[in-house]
Structure formats: structure tokens, C-alpha cells
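Grab a coffee and work through these exercises with the model open beside you. Try each task before reading its solution.

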Amino acid sequence: LLTAAFVLSFASTASAQSQKIAKIDLKKVFDGYWKTKQADLNLKGRASELEARRKEMVTDYKKANDDYKTLLDAANNKAVSLTERDKRKADAEAKLREIREIEESLKQFDRSARAQIGEQQRNMRDKLVAEIRESLNGVAKAGGYAGVLDSSAPLPPAPGVTTTPFLLFSDGLEDITDKLLTQLNAGAPAAVLNNAK
């Protein structure tokens with residue numbers, strides 16, 4: 001955890017050495033990066049595919065329940081022989097086992113889908129953050145900055161305390177957010193940027 005003492009020490013050290021420090025809104029950069037927008041579209045597409053599959057499973061589940069009710073009604077029909085009722089009761093029990101299997105498959109599918117989407121989101125985020133950091137390093141070095149602080153980063157909340165921003169005061173720090181975003185989006189396909197607006 002970064003403490004206020006570390007930040008003050010970092011700032012005073014940089015000041016003593018006359019080194020420049022910049023700030024950046026990493027959340028704005030991440031959200032505005034064209035590859036983030038593309039990755040979000042891909043994730044939404046994957047989520048839509050999974051949702052369509054889930055809807056099919058729910059339809060099968062509803063149909064199996066309707067079939068079960070029909071079989072149960074038929075099994076309780078006093079107009080047919082006892083042997084026929086027993087056969088229909090066995091059919092109804094088989095359908096009930098099928099319903100339970102569908103329920104279990106649906107639960108397993110939900111767990112698996114959540115895990116897939118979560119993993120895909122984490123991998124996407126880690127990859128994009130690494131690309132952003134690489135570009136940020138280049139911008140910072142080219143600008144002669146000794147360090148860059150993230151103005152969007154919150155401090156972890158203490159018990160009973162709301163989350164506060166890490167950077168509480170930044171008078172005189174150059175904001176390189178837009179400069180980095182411009183560099184990151186320089187090679188973006190026009191269709192991606194236009195669709196994101």
C-alpha cells in the first residue's frame with residue numbers, strides 16, 4: 001500500500017532533484033483506448049452467444065416441465081387401467097429425472113459462463129493495461145518525467161471511511177492523459193472509433 005508519507009517523500013525527493021512529475025487519469029485512458037472499446041464489443045458478443053445458449057436451455061427446461069405435468073395428469077387418469085397408469089407414472093418419473101438433469105446442467109452452465117467471461121475480462125484488462133503502461137513509459141521518458149501519478153486511483157478505504165482519491169492535490173503537475181490517449185488511438189481503425197461515439 002502506498003502511504004501519504006511515501007507520496008510526500010517521493011514528491012520531496014523529486015522536487016529536491018528538480019525532476020518533473022506528471023499526472024494521468026488512467027481510468028480515462030483505459031476507457032478511451034480504442035482497443036478497450038473493441039475488447040468490450042468482443043466480450044458483449046461472447047456474452048450474447050452464452051445468453052442465447054442459456055435461453056435454449058431454459059426453453060428445454062420449460063418444455064420438459066410442461067411434458068411432466070401432462071404425463072402426471074395422464075398417470076392419474078382413473079379411466080385407464082392400473083397397468084397403463086403405472087406405465088404413465090414411470091414415464092412421468094423419467095421425465096422428472098430429465099428435468100433435474102436439465103436444472104443441474106443449467107446451474108453448471110451458469111457457473112461456467114460466469115467464469116469464462118470473468119477470465120476473459122481479466123485477461124483483456126491485464127493485456128491492455130500492459131500496452132498502456134508501455135506507451136506511458138515512452139511518453140514519460142520523452143517528456144523527461146521522473147514519475148507519473150494516477151489521478152483516478154483510489155486509496156483503499158479504511159473501515160468506516162469512504163474511498164478517497166490517491167492524488168488529493170496536483171497544482172502544477174502536467175496532465176499527460178490526452179497526450180497518451182492521442183498516441184494510443186493514433187493507429188485505431190476509424191470504424192472502431194466511430195462506433196464507440
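Helices here are DSSP runs of H or I with at least four residues, strands are runs of E with at least two, and both are numbered from the N terminus. The model is predicted, so local features need pLDDT of at least 70 and side-chain atom pairs count only at pLDDT 80 or more, while totals for chains, interfaces and linings use all residues. Residues are numbered from 1 along each chain as its sequence is written, and side-chain values use heavy atoms, with hydrogens and water left out.

**Exercise 1. Get the overall layout**

Work out how many helices and strands the protein chain has, and in which pattern they follow each other.

Step 1: count the elements, and you get 6 helices and 3 strands. Step 2: read along the sequence, which gives α-β-α-α-α-β-β-α-α. Step 3: check burial, where buried means under 20% relative accessible area, exposed means over 50%, and partly exposed is in between (1.4 Å probe, protein chains only). Of the 197 residues, 27% count as buried. Step 4: look at contacts, meaning heavy atoms within 4.5 Å. Among those with a separation of 6 or more, 77% join residues 24 or more positions apart.

**Exercise 2. Two helices side by side**

Find the angle at which α3 and α4 pack, and say how their directions relate.

Step 1: locate helix α3 at residues 34-75 and helix α4 at residues 82-143. Step 2: fit lines to the C-alpha atoms over the stretch in contact, and take the angle, from 0 to 180 degrees, between N-to-C directions. The result is about 170 degrees, with the axes 8 Å apart. Step 3: classify it; under 35 degrees is roughly parallel, over 145 roughly antiparallel, 65 to 115 roughly perpendicular, and the rest oblique. So α3 is roughly antiparallel to α4. Step 4: sort the residues of this contact, with Ala, Val, Leu, Ile, Met, Phe, Trp, Tyr, Cys and Pro as nonpolar, Asp, Glu, Lys and Arg as charged, and the others, Gly among them, as polar. You end up with 23 nonpolar, 6 polar and 16 charged residues.

**Exercise 3. Spots along α4**

Are Ala113 and Glu103 buried, partly exposed or exposed?

Step 1: place Ala113 in helix α4, where Glu103 is found too. Step 2: Ala113 counts as buried because its relative accessibility is 13%. Glu103, at 31%, is partly exposed. Step 3: check the spacing to residues elsewhere in the chain. The C-alpha atoms of Ala113 and Glu51 are separated by 8.9 Å, although their positions lie 62 residues apart in sequence terms. For Glu103 and Val58, 45 residues apart along the chain, the C-alpha separation is 8.9 Å.

**Exercise 4. The buried side of α5**

Which residues of α5 are buried, and what do they pack against?

Step 1: in helix α5 (residues 177-184), pick out Thr177, Leu180, Leu181 and Leu184. Step 2: take the directions from the helix axis to the C-beta atoms. They cover an arc of only 100 degrees, so these residues sit on the same side of α5. Step 3: list the partners of the buried residues, namely β1 (20-24), α2 (26-32), α3, α4 and β3 (174-175).

**Exercise 5. A residue in β1**

Which residues does Ala22 contact, leaving aside neighbours within four places in sequence?

Step 1: Ala22 lies in strand β1. Step 2: its relative accessibility is 0%, so Ala22 counts as buried. Step 3: the contacts are Tyr145, Gly147, Val148, Leu149, Glu174 and Ile176.
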